[in-house]
Protein chains: 2
Amino acid sequence: MKQFARLPGIGPRTAERLAYFILQQSPEDALALSEAIQTVKSQIRNCKQCFNLSEQDLCEICRDERRDQSIICVVEQPGDLISLEETGLCNWVYHVLLGRLAPLEGVTPDNLTIDQLIKRVETGQVKEVVLATNPNMEGDGTALYISSLLSDTSVKVSRLARGLPSGGSIEYANKSILSDAIRGRTTLE
Amino acid sequence: MKQFARLPGIGPRTAERLAYFILQQSPEDALALSEAIQTVKSQIRNCKQCFNLSEQDLCEICRDERRDQSIICVVEQPGDLISLEETGLCNWVYHVLLGRLAPLEGVTPDNLTIDQLIKRVETGQVKEVVLATNPNMEGDGTALYISSLLSDTSVKVSRLARGLPSGGSIEYANKSILSDAIRGRTTLE
């Protein structure tokens with residue numbers, strides 16, 4: 001019960017219920033969970049190049065030779081990478097920061113993989129860095145910080161578009177969404 | 001009760017409750033509602049130029065001489081105009097379509113104020129038309145139709161930016177939002 005209760009979102013009552021469930025399971029089923037936890041901790045690590053989750057030193061995306069290695073898309077977490085990949089539009093490689101700058105919580109550049117990103121860019125074969133940190137204050141701050149580090153290189157730095165969310169409505173969009181949409185308006189051909 | 005039940009979102013039970021409330025009100029309070037309904041129907045109409053709601057022939061915005069009359073922002077409904085105005089970023093004038101093209105519901109260009117928009121543009125002092133229809137299928141269709149009508153004029157046609165909504169997150173954005181964000185990514189200076 002104590003071990004379950006340490007997991008996020010699981011209180012003492014749920015922990016109790018889970019523990020009783022394990023007691024009722026067959027030994028095989030219970031051991032399967034135990035082994036899965038050991039396997040994930042021993043076999044899944046961060047890719048040495050991009051810090052995505054991986055079972056090998058280099059993740060599947062970094063090993064994929066059909067990918068355009070000259071465009072690096074910078075995300076906060078592996079979950080963001082998965083969402084972007086699901087669009088089917090990304091033929092680039094990634095760099096996972098493993099967080100975002102949050103000075104108030106004590107998260108500084110040293111706690112992220114920013115140094116490693118800069119080193120990757122400095123190898124010279126990188127043409128574009130796409131900053132895909134989240135569209136909120138901390139994500140914007142992180143993007144700004146990275147773009148300032150890259151400002152004296154020749155690499156193109158871009159940011160995912162901000163504006164009205166597809167499927168939304170103008171009447172119920174908040175002021176910051178509408179400001180982004182007005183300021184970023186695009187000319188039709 | 002019958003009259004209340006005809007209003008949107010008011011069912012027979014609510015209509016009953018409202019009717020009993022009116023019976024309990026003082027005659028003055030009850031008549032104030034009655035008169036407000038008469039006033040709004042007799043005094044509020046559509047602006048002759050932009051079709052926004054107005055108490056006079058020309059609405060407040062069309063009469064405002066500090067506005068840049070060379071930029072017309074095209075919206076579906078007066079509610080969209082109000083949301084855009086609240087950003088404080090708009091010094092342009094508007095054109096309210098009073099709907100959007102929806103062929104399946106029988107809403108064709110003739111049901112909207114598109115003819116009047118084209119006539120306004122043809123007066124010659126208009127430099128930009130900002131299409132601010134909603135970021136959904138019907139809004140996009142309406143914007144496409146209007147931009148095709150304006151394609152042989154010299155006026156600049158633009159569309160509000162699409163992308164990640166400010167304050168949102170990449171992990172939980174859907175595919176169309178992420179596709180807009182990837183395709184529309186902007187280069188930082």
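In this predicted model, the two copies meet through the same surface, because 100% of the interface residues of chain A are also interface residues in chain B. Keep that in mind as we walk through the pair.

**How the copies are related**

What movement lays chain A on chain B? A rotation of 180° does the job, with 0.2 Å of shift along its axis, and the superposition has an RMSD of 0.2 Å. The two copies are thus related as by a two-fold rotation axis. Which residue of chain A comes closest to that axis? Gly163(A) does, with its C-alpha at 2.3 Å.

**A sheet built from both chains**

Here is some background for reading the sheets. Strands of a sheet pair through backbone hydrogen bonds, and the pairing is either parallel or antiparallel.

Let us start with the sheet that has the order 7(A)-6(B)-5(B)-3(B)-4(B). This sheet is open, has 5 strands and shows mixed pairing. Its edges are strand 7 (186–187) of chain A and strand 4 (92–96) of chain B; each has a single partner strand, so one side of each is left without a neighbour in the sheet.

The table lists three of the strand pairs in this sheet, each with one pair of facing residues.

| Strand pair | Sense | Bridges | Facing residues |
|---|---|---|---|
| Strand 7 of chain A and strand 6 of chain B | antiparallel | 2 bridges | Thr187(A) and Ser158(B) |
| Strand 5 of chain B and strand 6 of chain B | parallel | 4 bridges | Val129(B) and Val157(B) |
| Strand 3 of chain B and strand 5 of chain B | parallel | 4 bridges | Val74(B) and Leu131(B) |

A helix accompanies this sheet too. Helix 5 (residues 78–85) of chain B lies across strand 3 and strand 4 of chain B, and it runs at about 160° to strand 4 of chain B.

**The other sheet**

Now follow the order 4(A)-3(A)-5(A)-6(A)-7(B), which belongs to an open sheet of 5 strands with mixed pairing. Which strands stand at its edges? They are strand 4 (92–96) of chain A and strand 7 (186–187) of chain B, each pairing on one side only.

The link between the chains here is the pairing of strand 6 (residues 156–159) of chain A with strand 7 of chain B, which is antiparallel and has 2 bridges. Within this pairing, Ser158(A) stands opposite Thr187(B). Helix 5 (residues 78–85) of chain A lies across strand 3 (68–75) and strand 4 of chain A, at about 160° to strand 4 of chain A.

**Two helices that cross**

Two packed helices are described by the angle between their axes and the distance between the axes.

In chain B, the axes of helix 6 (residues 114–122) and helix 7 (residues 137–149) come within 11 Å and cross at roughly 40°. These two helices of chain B are therefore oblique to each other, and their crossing is right-handed. Which residues bring helix 6 and helix 7 of chain B together? Ile114(B), Leu117(B) and Ile118(B) in helix 6 meet Tyr145(B), Ile146(B) and Leu149(B) in helix 7. By class, this contact in chain B has 6 nonpolar residues, with no polar and no charged ones.

Turning to chain A, helix 6 (residues 114–122) and helix 7 (residues 137–149) pack at an angle of about 40°, with their axes 11 Å apart. That makes helix 6 of chain A oblique to helix 7 of chain A, and the crossing is right-handed. Ile114(A), Leu117(A) and Ile118(A) of helix 6 make the contact with Tyr145(A), Ile146(A) and Leu149(A) of helix 7. In chain A, the contact has 6 nonpolar, no polar and no charged residues.

Methods
Residues are numbered from 1 along each chain as its sequence is written. Chains are lettered from A and ligands numbered from 1 in the order in which they are written. This is a predicted model: local features need pLDDT of at least 70, side-chain atom pairs count only at pLDDT 80 or more; totals for chains, interfaces and linings use all residues. Side-chain values use heavy atoms; hydrogens and water are left out. Axes are lines fitted to C-alpha atoms, for helices over the stretch in contact, and angles run from 0 to 180 degrees between N-to-C directions. Angles under 35 degrees count as roughly parallel, over 145 as roughly antiparallel, 65 to 115 as roughly perpendicular and the rest as oblique. A crossing is left-handed if the near helix is turned anticlockwise from the far one by less than a right angle, and right-handed if clockwise. Contact means heavy atoms within 4.5 Å. Ala, Val, Leu, Ile, Met, Phe, Trp, Tyr, Cys and Pro count as nonpolar, Asp, Glu, Lys and Arg as charged, and the others, Gly among them, as polar. Copies are superposed by least squares on the C-alpha atoms of residues with pLDDT of at least 70 in both. Two strands pair if DSSP finds at least two bridges between them.
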